[in-house]
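Here is a quick walk through one protein model and the ligand that sits with it. Have a look at the structure first, and then we'll go through it piece by piece.

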Amino acid sequence: MSNAVLENIGVVLQKMEGEALKRNAPVFRAELATKSTPFKILVFTMLSARTKDETTLKVVERLFQYVRTPEQLAKLKTSKLETLLYGVGFYRVKAKNLIETSKTIAKLGKVPDTLESLLQLPGVGRKTANIVLARAFGKNTLGVDVHVHRISNRLGLVKTKKPEETEMALIKIVPKQYLGKLNKSFVAFGQTICLPKTPRCTECPANSICPKKGVKTIS
Ligand code: SF4
């Protein structure tokens, strides 16, 4: 497949991240809130499912003022944790999963660093596990969320309907050394420029080479 974005993927990712950084994308503020601690990165990623980035950030900051370790979180009453998580999607289910996951991590003494072991934790699916492996442990894994799915299709890198298909399609074409970086760059870019409804194509460093597949209106 010939695709100008793919041929220049290293530069494209770097430029996208640079533009998103200038605009203070929530993903960078999330990094500060989690201070690159594997446990906090895991908690943030679990909470972010089906929740707006800004909301997740606010809730995570509130939570980490109250508890900092898996041991502390494991001891919280479910009702207290539900109050702390109020605002994120499915907060009741997430509270239950977080307590169970924290108990396991407290027993293990660390956040697991393999896909198989992360997938054993309650509430941790493939997307969350891959994001944690990349962000917390620097592995070349790819977590595909709505931003990655949308942008990959608009750029013409893939032609897929579901994020799971996007993950498999991207793994086949993106050089391995960029896989771990791709999630953060696309998420940051999707939060600030390649917005879901009306992308800001005139501000995009890939404007001249992006086929803008499926884009109806731009700003
Ligand atoms: S040109 Fe527009 S659609 Fe393409 S990546 Fe940039 S912002 Fe998104």
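Let's start with Gly 10, which counts as exposed because it has 12 C-beta neighbours inside 10 Å. Keep in mind that this is a predicted model. Gly 10 sits in helix α2, residues 9-22. Its C-alpha lies 6.9 Å from that of Tyr 178, even though 168 residues separate Gly 10 and Tyr 178 in sequence.

Now for the domains. The protein chain splits into domain 1, made of 4-23 + 141-203, and domain 2, covering 27-137. Measuring over C-alpha atoms, their centres are 24 Å apart. Where they meet, 13 residues of domain 1 contact nine residues of domain 2. Which helix gives the largest share of domain 1's side? That's α13 (residues 176-192), with six residues. By class, this side of domain 1 has six nonpolar, five polar and two charged residues.

The ligand has a shell of its own, with 14 residues around it; Cys 194, Pro 199, Cys 201, Cys 204 and Cys 210 come nearest. Here is how the two sets of residues divide by class:

| Set of residues | Nonpolar | Polar | Charged |
|---|---|---|---|
| Shell around the ligand | ten residues | one residue | three residues |
| Side of domain 1 touching domain 2 | six residues | five residues | two residues |

On to the inside. In soluble globular proteins, nonpolar side chains tend to be buried together. The largest nonpolar core here has 56 residues, and those with the most contacts inside it include Leu 42, Val 43, Leu 85, Val 132 and Phe 189. Helix α4 gives the most to this core, seven residues. Both domain 1 and domain 2 put in at least three residues each. As for Val 132, leaving out residues up to four places away in sequence, it touches Pro 38, Ile 41, Leu 42, Thr 45 and Leu 118.

Leu 85, another of the residues with the most contacts in that core, also belongs to helix α7 (residues 78-85), where the buried residues are Leu 81, Leu 84 and Leu 85. Seen down the axis of α7, these buried residues fall within an arc of 90°, so they line one face of the helix. An α-helix has 3.6 residues a turn, so residues three or four places apart point the same way. What do the buried residues of α7 pack against? They pack against α4 (38-48), α5 (53-66) and α8 (91-108). Just after α7, Gly 87 takes a positive phi of about 120°.

Conventions:
Residues are numbered from 1 along each chain as its sequence is written. This is a predicted model: local features need pLDDT of at least 70, side-chain atom pairs count only at pLDDT 80 or more; totals for chains, interfaces and linings use all residues. A residue is near a molecule or strand if its C-beta atom, placed from the backbone, lies within 6 Å of it. Ala, Val, Leu, Ile, Met, Phe, Trp, Tyr, Cys and Pro count as nonpolar, Asp, Glu, Lys and Arg as charged, and the others, Gly among them, as polar. Domain bounds come from an automatic or database domain assignment. Two residues are in contact if their C-beta atoms, placed from the backbone, lie within 7 Å. Helices (H or I, at least four residues) and strands (E, at least two) are DSSP runs, numbered from the N terminus. A residue is buried if 20 or more other C-beta atoms lie within 10 Å of its own, exposed if 12 or fewer, and partly exposed in between; C-beta atoms are placed from the backbone. The arc is that of the directions from the helix axis to the C-beta atoms. A nonpolar core is a set of buried Ala, Val, Leu, Ile, Met, Phe, Trp, Tyr and Cys residues joined through C-beta atoms within 7 Å.
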